[in-house]
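Fire up your viewer and work through the exercises below. Each one sets a task and then walks through a solution.

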Amino acid sequence: MTQEEIYIARCIKLARQGKCGATPNPMVGAVIVCNGKIIGEGYHCKCGEAHAEVNAINSVKDKSRLKQSTIYVSLEPCSHYGKTPPCADLIIKKGIPKVIIGCIDPFAQVSGRGVKKLQDAGIEVVVGVLEQECKELNKQFVTFHSKKRPYIILKWAESADGFIDVTRTGGNPVVLSSPLTSMLVHKRRAEVDAVIVGTRTALLDNPRLNTRNWYGKDPLRVVIDRTLKIPESYHLLDNNICTWVITEKDHADYIQTHYKKLPFTDELLPQLLTELHRNNIQSILVEGGSKLLQSFINKGLWDEAFAEKAEMLLVDGVKAPIISGKEYFIDTHFNTPIWHYFNENKPLDKE
């Protein structure tokens, strides 16, 4: 790796520290180098708080050295006023003569404007160092702004013979996940903005869909319940967490439970994704049953999928979703194979 790549790689590593707090903002890391030595570092910790560049500059003890330094940033510095002032303006004010950027910000209010503002101020700007890795870092943010929909992650656990549950109308669900992989699901929930399930999953499992087994925020809960079959006594309607009920029936909202009326046509999922995008939901985890998961797959509305392969045999029951022709690798860190599928190209950067 070149020196520039080494410092941008460090920016990426720093940026990941904000994974559960930065959203809906992108994860960003910044490194300040003077005479071959790092004199400042920072990352965007939480939406509404200081950006990576600000934290990196504030960490420099001798601010006079900034005028002989280079700042490395994984994502283009912002040029507009949002919840915080523009980072490009701060870089100009501090007299930093050179900026190395991983990738351009896809957000329309920034895209290219930060670079132009820096260049107009006479600052040397280099763009595109570890560009693909920097885009992969913020794949949810990039997808949200480029495809105008949330980044979609599918998740299920299946038996060794390809079933996700026995055929039943009641009783307890078959447990295919281990305690460790169940905890991993809570981690994934903390890393997305919303979790989606269908009516059957809600009725049979009565899930909470929170992050009680992991540190982090609870996601928006979304349940597709066409005719409002879910009893008000169920966890999803407990008003403890913001919840959307997608239905074709009229129903008044109640505290944190919001009823969204949509037409249940072939375009239900695209319309739901549009509604989520309109409400700034950048990423979703689909934990529904086989029918809901297969609907997302058949329409090509997914970006990643995690399929846990248990050793148990069910012989018969509800078939697992069919997902094929995509690249994947097998993760065995949890003593249970987890097949990780990608809808497009396999990411260059994996944790």
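**Exercise 1.** Work out how many residues of β3 are buried, and say why β3 counts as largely enclosed.

*Solution.* This is a predicted model, so the burial values are computed from predicted coordinates.
- Step 1: take "buried" to be under 20% relative accessible area.
- Step 2: go along β3, and seven of its seven residues turn out to be buried.
- Step 3: that is why β3 is largely enclosed by the rest of the structure.

**Exercise 2.** Find the strands that pair with β3, and give the sense of each pairing.

*Solution.*
- Step 1: on one hand there's β1, which pairs with β3 in the antiparallel sense over five bridges. Look for Val33 standing opposite Thr70 of β3.
- Step 2: on the other there's β4, joined to β3 by five bridges, and these two run parallel. Here Tyr72 stands opposite Ile100 in β4.

**Exercise 3.** Extend the pairing to the whole sheet, and say which strands stand at the edges.

*Solution.*
- Step 1: start from β1 (residues 29–34) and look for β2 (residues 37–43), which is antiparallel to β1 and joined to it by six bridges. Ile32 has Gly40 of β2 as its bridge partner.
- Step 2: check the link between these two strands. β1 and β2 make a hairpin with two residues between them, and Asn35 in the turn has a positive phi of about 55°.
- Step 3: move to β4 (residues 98–103), which pairs with β5 in the parallel sense over four bridges. For Ile101, the bridge partner in β5 is Val127.
- Step 4: put the strands in order. You get β2-β1-β3-β4-β5, an open sheet of five strands with mixed pairing. The edges belong to β2 and β5 (124–127); each has a single partner strand, so one side of each is left without a neighbour in the sheet. From one strand to the next, the twist averages 15°.

**Exercise 4.** Which strands does helix α2 lie across, and which does helix α4 touch?

*Solution.*
- Step 1: α2 (residues 52–59) lies across β1, β2 and β3 (69–75), and runs at about 140° to β2.
- Step 2: α4 (residues 113–120) packs on the sheet and touches β4 and β5, with its direction at about 155° to that of β5.

**Exercise 5.** Describe the largest pocket: its volume, its lining and the element that gives the most to that lining.

*Solution.*
- Step 1: the volume comes out at about 1600 Å³.
- Step 2: 49 residues line the pocket, and those nearest its centre are Thr201, Asp205, Glu287, Gly288 and Gly289.
- Step 3: sort the lining by class, and you get 19 nonpolar, 15 polar and 15 charged residues.
- Step 4: sort it by element. Those supplying at least two residues each include β6 (151–158), α7 (179–190) and α8 (199–205). α8 gives the most, with six residues.

**Exercise 6.** Now do the cavities: how many of 30 Å³ or more does a search of the whole structure find, and what lines the largest?

*Solution.*
- Step 1: the search finds one, with about 70 Å³ of space in it.
- Step 2: its lining includes Lys155, Trp156, Arg188, Phe306 and Glu308.
- Step 3: by class, the lining divides into five nonpolar, one polar and three charged residues.
- Step 4: β6, α7 and β13 (304–309) each supply at least two of the lining residues, and α7 gives the most, with four.

Terms used
Residues are numbered from 1 along each chain as its sequence is written. This is a predicted model: local features need pLDDT of at least 70, side-chain atom pairs count only at pLDDT 80 or more; totals for chains, interfaces and linings use all residues. Side-chain values use heavy atoms; hydrogens and water are left out. On a 1 Å grid over the protein atoms alone, a cavity is a set of points where a 1.4 Å probe fits but cannot get out, and a pocket is an open set with protein on both sides within 12 Å along at least five of seven lines; lining residues have an atom within 4 Å of a point. Grid points are joined across faces, edges and corners, and a volume is the space filled by probe spheres set on the points. Ala, Val, Leu, Ile, Met, Phe, Trp, Tyr, Cys and Pro count as nonpolar, Asp, Glu, Lys and Arg as charged, and the others, Gly among them, as polar. Two strands pair if DSSP finds at least two bridges between them. Axes are lines fitted to C-alpha atoms, for helices over the stretch in contact, and angles run from 0 to 180 degrees between N-to-C directions. Contact means heavy atoms within 4.5 Å. Buried means under 20% relative accessible area, exposed over 50%, partly exposed in between (1.4 Å probe, protein chains only).
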